[in-house]
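Work through these exercises with the sequence and the 3D view side by side. Try each task before you read its solution.

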Amino acid sequence: PSPAFSPSSLIQDNSNYFDGTTSGLGTAIGLDALNFGDSGSDQPFTWHFRFYGDFDEGAGVHYYLCYKGDSDETSNIEYRMYLSDTVGDGICTFTARFDDTAGGGYTYRETAAIITNNQWHSLVVAYNGTRTGAGIKIYLDGLDVSGTSGTSGTYNSMRNEDANLYVGAKATSWDFKGYLADVTLWAVELAPNEVRALHAAAEGT
């Protein structure tokens, strides 16, 4: 399927280095194509990121691939996708989290600590719109690595606030460090065979 939106158009030569200290690319685009929840229902979508991470900032650090919410990082948050180096060994988990319309609830999916430092990876988040963490699939280099899912509080549907989208940072903090490329969004859930084909194309195989 054709992408609904490709923030890679904001990235020079389709690959930029993020230094971990300068906040990532922000878009002021209030497109419905970037919103996936609306008053009790969610819509399917798929995000793709290709990256080479320098995960050397120590224990407890998050490296954001994308964040949709206000710049104060507390208001109107719709969704967030980030890597976490829990113990400081350069090996990260990945979390996709969707925030509820009210009350602070959210649903999420999180991988094990399997995403390695200093290596190119293709990461896909495919969501079927069922309003559960189990409906989120995470693929690393073409393989399903979805891991743990759950919900905190009450999750009815994803917020829809037309908040800004940030690529490579959580607005003004938790900057990505490394190369980020081929960032693409589809307004459908990609099937496993489509994800494998996407990874193969990125690898040139």
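**Exercise 1.** Does Lys177 count as buried or exposed? Place the residue and list its surroundings.

*Solution.* Start with the cut-offs: buried means under 20% relative accessible area, exposed over 50%, and partly exposed in between (1.4 Å probe, protein chains only). Lys177 has 13% relative accessibility, so it counts as buried. This is a predicted model: local features need pLDDT of at least 70, side-chain atom pairs count only at pLDDT 80 or more, and totals for chains, interfaces and linings use all residues. Residues are numbered from 1 along each chain as its sequence is written, and side-chain values use heavy atoms, with hydrogens and water left out.

Next, find the element. Lys177 is in strand 13. Helices (H or I, at least four residues) and strands (E, at least two) are DSSP runs, numbered from the N terminus. Eight of the ten residues of strand 13 are buried, so this strand is largely enclosed by the rest of the structure.

Now look for a partner. The side chains of Lys177 and Asp56 make a polar contact of 2.9 Å. A polar contact is a pair of N or O atoms within 3.5 Å; within protein, one must be able to donate a hydrogen and the other to accept it, and residues adjacent in sequence count only if both atoms are side-chain atoms.

Last, check the touching residues. Contact means heavy atoms within 4.5 Å. Leaving out residues up to four places away in sequence, Lys177 touches several residues, including Tyr17, Phe18, Tyr52, Asp54 and Tyr63.

**Exercise 2.** How many bridges join strand 3 to strand 13? Name the partner of Arg50.

*Solution.* Recall the rule: two strands pair if DSSP finds at least two bridges between them. Here seven bridges join strand 3 to strand 13, and the two run antiparallel. Arg50 has Ala181 of strand 13 as its bridge partner.

Then step back to the whole chain. It has one helix and 13 strands. From the N terminus on, the order is β-β-β-β-β-β-β-β-β-β-β-β-β-α. Among contacts between residues at least 6 apart in sequence, 72% join residues at least 24 apart.

**Exercise 3.** Which residues touch the most other members of the largest nonpolar core?

*Solution.* First the definition: a nonpolar core is a set of buried Ala, Val, Leu, Ile, Met, Phe, Trp, Tyr and Cys residues joined through side-chain atoms within 4.5 Å. The largest one has 35 residues, and Trp47 and Met81 touch the most other members. Among the elements that give two or more residues to this core are strand 3 (45-53), strand 5 (79-85) and strand 13 (177-186).

Now zoom in on Met81. Not counting residues up to four places away in sequence, Met81 touches Trp47, Phe49, Leu65, Phe94 and Val125, among others. In soluble globular proteins, nonpolar side chains tend to be buried together. In this chain, buried residues make up 49% of the 205 residues.

**Exercise 4.** How many aromatic pairs does the ring rule give? Classify the pair of Phe51 and Phe176.

*Solution.* Rings of Phe, Tyr and Trp (its six-membered ring) pair if their centres lie within 6.5 Å; planes under 30 degrees apart count as stacked, over 60 as edge-to-face and the rest as tilted. The count comes to 18 aromatic pairs. The ring centres of Phe51 and Phe176 are 5.9 Å apart and the planes are at 75 degrees, so this pair is edge-to-face. The pair links distant parts of the chain: Phe51 is in strand 3, Phe176 is in the loop between strand 12 and strand 13, and they are 125 residues apart. Both Phe51 and Phe176 are buried.

**Exercise 5.** Where does Ser157 sit, and what does its side chain reach?

*Solution.* Ser157 is in the loop between strand 11 (148-152) and strand 12. Its relative accessible area is 0%, so Ser157 is buried. The side chain of Ser157 reaches the backbone nitrogen of Gly40 at 3.0 Å. Beyond its neighbours within four places in sequence, Ser157 contacts residues including Asp38, Asp99 and Arg131.

Follow that last residue. Arg131 lies in the loop between strand 8 and strand 9. At 35% relative accessibility, Arg131 is partly exposed. Its phi is near 65 degrees, a positive value in a residue other than glycine. Most residues other than glycine have a negative phi.
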